[in-house]
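This report describes the fold, the packing and the charged pairs of one protein chain. The structure comes first, and the description follows.

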Amino acid sequence: MDLPRYDHYTNASKTVFEFVSEGPKGRIRKLVEYVPVDAHDIYNLGFGDAGESEVLYDDMIVSNNGDSVKVLATVAATVYEFTDRYPKAAVLATGSTRSRTRLYRMSITRHLREIREQFAIFGYCRSNYWEEFSKEKDYEVFLLTRIENRKELWLELKTINLIIKTAE
(Lines give C-alpha, C1' and ligand atoms only; values in the text may rest on other atoms or scores of the structure.)
Protein backbone atom coordinates (compact mmCIF):
# COMPACT_ATOMS: atom_id res chain seq x y z
CA MET A 1 0.00 0.00 0.00
CA ASP A 2 1.25 3.40 -0.90
CA LEU A 3 0.28 5.24 2.29
CA PRO A 4 2.38 7.30 4.68
CA ARG A 5 3.68 5.13 7.50
CA TYR A 6 6.13 5.27 10.34
CA ASP A 7 9.62 3.82 10.24
CA HIS A 8 9.60 0.66 12.28
CA TYR A 9 12.15 -1.63 13.86
CA THR A 10 12.01 -5.36 14.31
CA ASN A 11 13.71 -8.17 16.17
CA ALA A 12 15.87 -10.74 14.38
CA SER A 13 12.98 -13.20 13.97
CA LYS A 14 10.67 -10.46 12.60
CA THR A 15 7.98 -11.37 15.12
CA VAL A 16 7.99 -8.11 17.11
CA PHE A 17 7.91 -4.67 15.49
CA GLU A 18 8.16 -1.27 17.15
CA PHE A 19 7.40 2.23 15.93
CA VAL A 20 6.50 5.62 17.40
CA SER A 21 3.19 7.39 16.76
CA GLU A 22 3.56 11.17 16.66
CA GLY A 23 0.66 13.55 17.13
CA PRO A 24 -1.08 16.01 19.47
CA LYS A 25 -0.74 13.58 22.41
CA GLY A 26 3.02 13.33 21.88
CA ARG A 27 5.23 10.40 20.95
CA ILE A 28 3.63 7.04 21.74
CA ARG A 29 5.54 3.77 21.35
CA LYS A 30 3.56 1.09 19.53
CA LEU A 31 4.27 -2.61 19.26
CA VAL A 32 3.09 -5.25 16.82
CA GLU A 33 3.64 -8.89 17.78
CA TYR A 34 3.09 -12.09 15.80
CA VAL A 35 2.45 -15.04 18.10
CA PRO A 36 2.02 -18.60 16.84
CA VAL A 37 -1.29 -20.24 17.75
CA ASP A 38 -1.87 -23.97 18.12
CA ALA A 39 -2.34 -24.58 14.40
CA HIS A 40 0.58 -24.94 12.00
CA ASP A 41 1.80 -21.65 10.46
CA ILE A 42 -1.02 -19.54 11.94
CA TYR A 43 -0.01 -16.41 13.85
CA ASN A 44 -2.08 -13.99 15.87
CA LEU A 45 -1.33 -10.34 15.15
CA GLY A 46 -1.29 -8.40 18.42
CA PHE A 47 -0.95 -4.65 18.45
CA GLY A 48 -1.09 -1.81 20.94
CA ASP A 49 0.73 0.83 22.95
CA ALA A 50 4.01 -0.37 24.42
CA GLY A 51 3.57 -1.52 28.01
CA GLU A 52 5.15 0.24 30.93
CA SER A 53 5.58 -2.96 32.93
CA GLU A 54 5.91 -6.67 32.22
CA VAL A 55 3.13 -6.51 29.63
CA LEU A 56 4.57 -6.19 26.13
CA TYR A 57 1.71 -3.99 24.88
CA ASP A 58 -1.77 -2.83 25.85
CA ASP A 59 -4.39 -3.22 23.13
CA MET A 60 -7.15 -1.52 25.14
CA ILE A 61 -5.62 1.96 25.30
CA VAL A 62 -7.23 4.58 23.06
CA SER A 63 -4.40 6.95 22.12
CA ASN A 64 -6.37 9.38 19.92
CA ASN A 65 -3.11 10.75 18.54
CA GLY A 66 -4.71 11.83 15.26
CA ASP A 67 -2.69 9.44 13.11
CA SER A 68 -4.80 6.27 12.89
CA VAL A 69 -4.41 5.96 9.12
CA LYS A 70 -0.62 6.17 9.40
CA VAL A 71 -0.59 3.75 12.35
CA LEU A 72 -2.71 1.18 10.49
CA ALA A 73 -0.56 1.57 7.37
CA THR A 74 2.50 0.84 9.52
CA VAL A 75 0.86 -2.25 11.00
CA ALA A 76 -0.02 -3.37 7.46
CA ALA A 77 3.62 -2.89 6.43
CA THR A 78 4.65 -5.28 9.20
CA VAL A 79 2.29 -7.91 7.77
CA TYR A 80 4.10 -7.69 4.44
CA GLU A 81 7.48 -7.90 6.15
CA PHE A 82 6.41 -10.75 8.44
CA THR A 83 5.03 -12.81 5.54
CA ASP A 84 8.15 -12.10 3.48
CA ARG A 85 10.06 -13.87 6.27
CA TYR A 86 7.36 -16.54 6.81
CA PRO A 87 5.74 -17.00 3.39
CA LYS A 88 3.55 -19.94 4.49
CA ALA A 89 2.14 -18.03 7.47
CA ALA A 90 -1.52 -17.16 7.90
CA VAL A 91 -2.15 -14.05 10.01
CA LEU A 92 -5.16 -13.93 12.32
CA ALA A 93 -6.34 -10.45 13.36
CA THR A 94 -9.22 -8.91 15.26
CA GLY A 95 -9.76 -5.71 17.18
CA SER A 96 -9.72 -5.68 20.97
CA THR A 97 -13.19 -4.09 20.77
CA ARG A 98 -16.05 -4.23 18.27
CA SER A 99 -15.35 -0.65 17.18
CA ARG A 100 -11.70 -1.48 16.47
CA THR A 101 -12.68 -4.56 14.49
CA ARG A 102 -15.02 -2.33 12.50
CA LEU A 103 -12.18 0.16 11.92
CA TYR A 104 -9.98 -2.68 10.64
CA ARG A 105 -12.77 -3.91 8.33
CA MET A 106 -13.22 -0.41 6.91
CA SER A 107 -9.49 -0.11 6.28
CA ILE A 108 -9.37 -3.53 4.61
CA THR A 109 -12.37 -2.57 2.46
CA ARG A 110 -10.76 0.71 1.44
CA HIS A 111 -7.57 -1.07 0.29
CA LEU A 112 -9.00 -4.44 -0.75
CA ARG A 113 -7.85 -4.29 -4.36
CA GLU A 114 -4.24 -3.70 -3.30
CA ILE A 115 -4.40 -6.32 -0.56
CA ARG A 116 -5.71 -8.97 -2.95
CA GLU A 117 -2.75 -8.46 -5.27
CA GLN A 118 -0.59 -10.37 -2.77
CA PHE A 119 -2.94 -11.87 -0.17
CA ALA A 120 -6.01 -14.02 0.14
CA ILE A 121 -8.21 -12.61 2.90
CA PHE A 122 -11.05 -14.27 4.77
CA GLY A 123 -13.57 -13.18 7.37
CA TYR A 124 -15.04 -15.15 10.24
CA CYS A 125 -18.80 -14.68 10.59
CA ARG A 126 -20.84 -14.83 13.76
CA SER A 127 -22.52 -17.98 12.50
CA ASN A 128 -19.18 -19.76 12.98
CA TYR A 129 -17.93 -20.07 9.45
CA TRP A 130 -15.16 -18.59 7.34
CA GLU A 131 -15.67 -17.04 3.93
CA GLU A 132 -13.74 -14.99 1.45
CA PHE A 133 -13.75 -11.38 2.63
CA SER A 134 -16.73 -9.38 1.37
CA LYS A 135 -17.03 -5.60 1.63
CA GLU A 136 -20.68 -5.86 2.62
CA LYS A 137 -20.26 -8.08 5.67
CA ASP A 138 -19.22 -7.60 9.26
CA TYR A 139 -16.65 -10.03 10.59
CA GLU A 140 -15.34 -10.84 14.03
CA VAL A 141 -11.93 -12.00 12.83
CA PHE A 142 -9.82 -11.63 9.70
CA LEU A 143 -7.36 -14.14 8.31
CA LEU A 144 -4.92 -13.54 5.52
CA THR A 145 -2.15 -15.39 3.81
CA ARG A 146 -0.03 -14.95 0.73
CA ILE A 147 -2.09 -15.64 -2.38
CA GLU A 148 -0.09 -18.75 -3.25
CA ASN A 149 -1.27 -20.38 0.03
CA ARG A 150 -4.97 -19.79 -0.62
CA LYS A 151 -6.00 -23.35 -1.55
CA GLU A 152 -4.03 -24.93 1.28
CA LEU A 153 -5.55 -22.53 3.79
CA TRP A 154 -9.08 -23.46 2.74
CA LEU A 155 -8.27 -27.00 3.87
CA GLU A 156 -7.22 -25.72 7.31
CA LEU A 157 -10.22 -23.50 8.04
CA LYS A 158 -12.03 -26.13 10.14
CA THR A 159 -9.02 -26.25 12.46
CA ILE A 160 -9.01 -22.47 12.67
CA ASN A 161 -12.72 -22.49 13.57
CA LEU A 162 -11.91 -24.77 16.50
CA ILE A 163 -9.12 -22.47 17.66
CA ILE A 164 -11.43 -19.45 17.58
CA LYS A 165 -14.17 -21.28 19.47
CA THR A 166 -11.70 -22.46 22.09
CA ALA A 167 -10.37 -18.93 22.58
CA GLU A 168 -13.82 -17.42 23.17
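## Strand β7 and its partners

Gly 123, in strand β7, stands opposite Glu 131 in β8. The model is a predicted one. Four bridges join β7 to strand β8 (residues 129–132), and the two run antiparallel. The hairpin made by β7 and β8 has three residues between the strands, and in it Asn 128 takes a positive phi near 65°. Most residues other than glycine have a negative phi.

Strand β7 (residues 119–125) also pairs with strand β9 (residues 141–146): six bridges join them, again in antiparallel orientation. In this pairing Tyr 124 stands opposite Val 141.

How many of the residues of β7 are buried? The count is seven of seven, and the strand is described as mostly covered. Both of its faces are covered. Phe 119, Ile 121, Gly 123 and Cys 125 are buried on one side, and Ala 120, Phe 122 and Tyr 124 are buried on the other.

## Overall composition

The secondary structure of the protein comes to four helices and nine strands. From the N terminus on, the elements run β-β-β-β-β-α-β-α-α-β-β-β-α. Of the 168 residues, 46% count as buried. The accessible surface comes to about 9600 Å², and carbon and sulfur atoms account for 51% of that surface. Among contacts with a separation of 6 or more, 56% are between residues 24 or more positions apart.

## Helix α1 and the nonpolar cores

Helix α1 covers residues 68–85. At 1.5 Å a residue, its 18 residues should span 26 Å, and the C-alpha atoms at its ends are 26 Å apart, so the expected and modelled spans agree. The buried residues of α1 include the run from Val 71 to Tyr 80, and also Phe 82 and Thr 83.

Which residues touch the most other members of the largest nonpolar core? They are Val 32, Tyr 34, Leu 45 and Phe 47, out of 28 residues in that core. Helix α1 gives the most to this core, with six residues. A second, separate core has 11 residues, including Ala 90, Trp 130, Val 141 and Leu 157.

Leu 45 can be followed further. Leaving out residues up to four places away in sequence, Leu 45 touches Val 32, Glu 33, Tyr 34, Val 75, Val 79, Val 91, Leu 92 and Ala 93. Ala 93 belongs to strand β6 (residues 90–93). With neighbours within four places in sequence left aside, Ala 93 is in contact with Leu 45, Val 141 and Phe 142. The C-alpha atoms of Ala 93 and Glu 140 are separated by 9.0 Å, although the two residues are 47 residues apart along the chain.

## Salt bridges

Side chains of opposite charge can pair when their charged atoms come close. With a cut-off of 4 Å between a side-chain nitrogen of Lys or Arg and a carboxyl oxygen of Asp or Glu, the count comes to nine salt bridges. The table lists some of them.

| Pair | Closest N to O distance |
|---|---|
| Lys 14 and Glu 81 | 2.8 Å |
| Arg 29 and Glu 18 | 2.7 Å |
| Lys 88 and Glu 152 | 3.8 Å |

Lys 14 forms its salt bridge with Glu 81. Lys 14 lies in the loop between β1 and β2 and Glu 81 in helix α1, so this pair ties together parts that are 67 residues apart in sequence. Phi of Lys 14 is near 55°, a positive value in a residue other than glycine. At 23% relative accessibility, Lys 14 counts as partly exposed.

Arg 29 and Glu 18 meet through their side chains. Arg 29 is in strand β3 (residues 26–36) and Glu 18 in strand β2, 11 residues apart. Arg 29 is partly exposed, with a relative accessible area of 41%, and Glu 18 is partly exposed at 28%.

Lys 88 pairs with Glu 152. Lys 88 is in the loop between α1 and β6 and Glu 152 is in helix α4 (residues 150–167), so that the link joins parts of the chain 64 residues apart. Lys 88 has a relative accessibility of 48% and counts as partly exposed. Glu 152, at 39%, also counts as partly exposed.

Terms used: Residues numbered from 1 in each chain as written. Predicted model: local features only at pLDDT ≥ 70, side-chain atom pairs only at ≥ 80, totals over all residues. Heavy atoms only, no water. Expected span 1.5 Å × (residues − 1). Buried < 20%, exposed > 50% of the residue type's maximum accessible area, 1.4 Å probe, protein only. Core = buried A, V, L, I, M, F, W, Y, C linked by side-chain atoms within 4.5 Å. Contact = heavy atoms within 4.5 Å. Pairing = 2+ DSSP bridges. Areas by Shrake-Rupley, 256 points an atom, 1.4 Å probe, with all protein chains shown as cover.
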